[in-house]
Amino acid sequence: MLGYLQTFWEQFNWAGLLTTLQQLLGVLLCLTVHEACHGLAACALGDPTAKTMRRLSFNPLHHIDWLGLAAMLVCGFGWAKPVPVDMRYFKNPRTGMAVTALAGPASNFALSLLLLFLASLLVRFGYASAFTLWLLSFLLITAQLSIGLGLFNLIPIPPLDGSKALFALLPPKAYMTLMRYERFGMLVLLLAVWLDVGGSYLSNAIYMVYQRMAGLFF
């Protein structure tokens, strides 16, 4: 029995486990910041709903949808629990909704810049070790994930954030009609991801933005 355990220990794919851990932690960080900033923006504009439901927290457990997390790790497409927003609290409901929606992607781009800045400090001043290399890889991978989440959410298909910003430009009647059918947009997104519609365009956009951001620090 001890010999079997020793063989298992020696042959276990530790590198793969550490890579999976990087991705899991990165996804949790990106989704948590994204959702918390939705709530913070709504609260700043006068809507206390997210605060009342403890969604202003940066604790991942307050935001994570476990099925959506698994989907993001396996398929590269996932979701968190939507932050509850009551647009009736906003002075200008549609504008307030658009600003609240865009706060999510904006936070992801800001997070990417912060992670790349920290990575540049690690390269310049960090002590070379296995942990330093793992941490550097984590920062760079998470920066890419955060850019990807931000860009993906700018796609103007309900229920993504880009649709709420775009719909704010529509006449009120058209806006409310589209918001009522928002739930069907998820089916369109799932089908698009499954068929890989536009996947190459999104990948190219992520790479381009990542290169531009990284160029600021490296």
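**Notebook: a helical chain, residue by residue**

I began at Leu118, which is partly exposed, with a relative accessible area of 35%. The model I am reading is a predicted one. I placed Leu118 in helix α5. I then looked up the surface around this residue and found a nonpolar patch of about 470 Å². Leu118 makes this patch together with Leu114, Phe117, Leu121 and Phe125.

**Entry: the chain as a whole**

I counted the secondary structure elements next. The chain has ten helices and zero strands, so the order from the N terminus on reads α-α-α-α-α-α-α-α-α-α. The chain has 218 residues, and 40% of them count as buried. I noted an exposed area of about 12800 Å² for the chain, of which carbon and sulfur atoms supply 71%. I also looked up the contacts with a separation of 6 or more: residues 24 or more positions apart account for 72% of them.

**Entry: the nonpolar cores**

Which residues have the most contacts inside the largest nonpolar core? I listed Leu31, Leu116, Leu139, Ile147, Leu151 and Met213, in a core of 29 residues. At least two residues of this core come from each of α2 (14-44), α5 (93-125), α6 (130-153) and α10 (199-215). Helix α6 gives the most, with eight residues.

I followed one member of this core further. Leaving aside residues up to four places away in sequence, Ile147 touches Phe109, Ser112, Ile206, Val209, Tyr210 and Met213.

I recorded a second, separate core as well. This second core has six residues, among them Ala42, Phe90, Met97 and Phe167.

**Entry: His63**

Is His63 buried or exposed? I found a relative accessibility of 0%, so His63 counts as buried, the cut-off being under 20%. His63 sits in the loop between α3 (49-52) and α4. I checked for a polar partner: a polar atom of the His63 side chain lies 2.5 Å from the backbone oxygen of Ser57. Ser57 also appears among the residues that His63 touches, along with Thr32, Glu35, Ala36, Arg55, Ala80 and Lys81, when residues up to four places away in sequence are not counted.

**Entry: Pro84**

I turned to Pro84, in the loop between α4 (66-75) and α5. Pro84 has 21% relative accessibility and counts as partly exposed, because the buried class requires under 20%. Which residues does Pro84 touch, not counting those up to four places away in sequence? I noted Asp47, Thr49, Ala50, Met53 and Arg55. For Ala50 I also looked up the backbone: the C-alpha atoms of Pro84 and Ala50 are separated by 5.8 Å, although the two residues are 34 residues apart along the chain. Arg55 is touched by Pro84, and Arg55 is touched by His63.

**Entry: the salt bridge**

How many salt bridges does the count give? I recorded one. Side chains of opposite charge can pair when their charged atoms come close. Here the side chains of Asp86 and Arg88 meet, at 2.8 Å from N to O. I then compared the cover on the two partners. Asp86 has 17% relative accessibility and counts as buried, whereas Arg88 is exposed, with a relative accessible area of 71%. The two partners fall in these classes because buried means under 20% and exposed over 50%.

How values were computed. Residues are numbered from 1 along each chain as its sequence is written. This is a predicted model: local features need pLDDT of at least 70, side-chain atom pairs count only at pLDDT 80 or more; totals for chains, interfaces and linings use all residues. Side-chain values use heavy atoms; hydrogens and water are left out. A nonpolar core is a set of buried Ala, Val, Leu, Ile, Met, Phe, Trp, Tyr and Cys residues joined through side-chain atoms within 4.5 Å. Buried means under 20% relative accessible area, exposed over 50%, partly exposed in between (1.4 Å probe, protein chains only). Helices (H or I, at least four residues) and strands (E, at least two) are DSSP runs, numbered from the N terminus. Contact means heavy atoms within 4.5 Å. Patches are made of residues with over 30% relative accessible area and no salt bridge: like charges are joined within 9 Å, nonpolar side chains (Val, Leu, Ile, Met, Phe, Trp, Tyr) within 5 Å. Accessible areas come from the Shrake-Rupley method with a 1.4 Å probe; for residues, only the protein chains shown count as cover. A salt bridge is a side-chain nitrogen of Lys or Arg within 4 Å of a carboxyl oxygen of Asp or Glu. A polar contact is a pair of N or O atoms within 3.5 Å; within protein, one must be able to donate a hydrogen and the other to accept it, and residues adjacent in sequence count only if both atoms are side-chain atoms.
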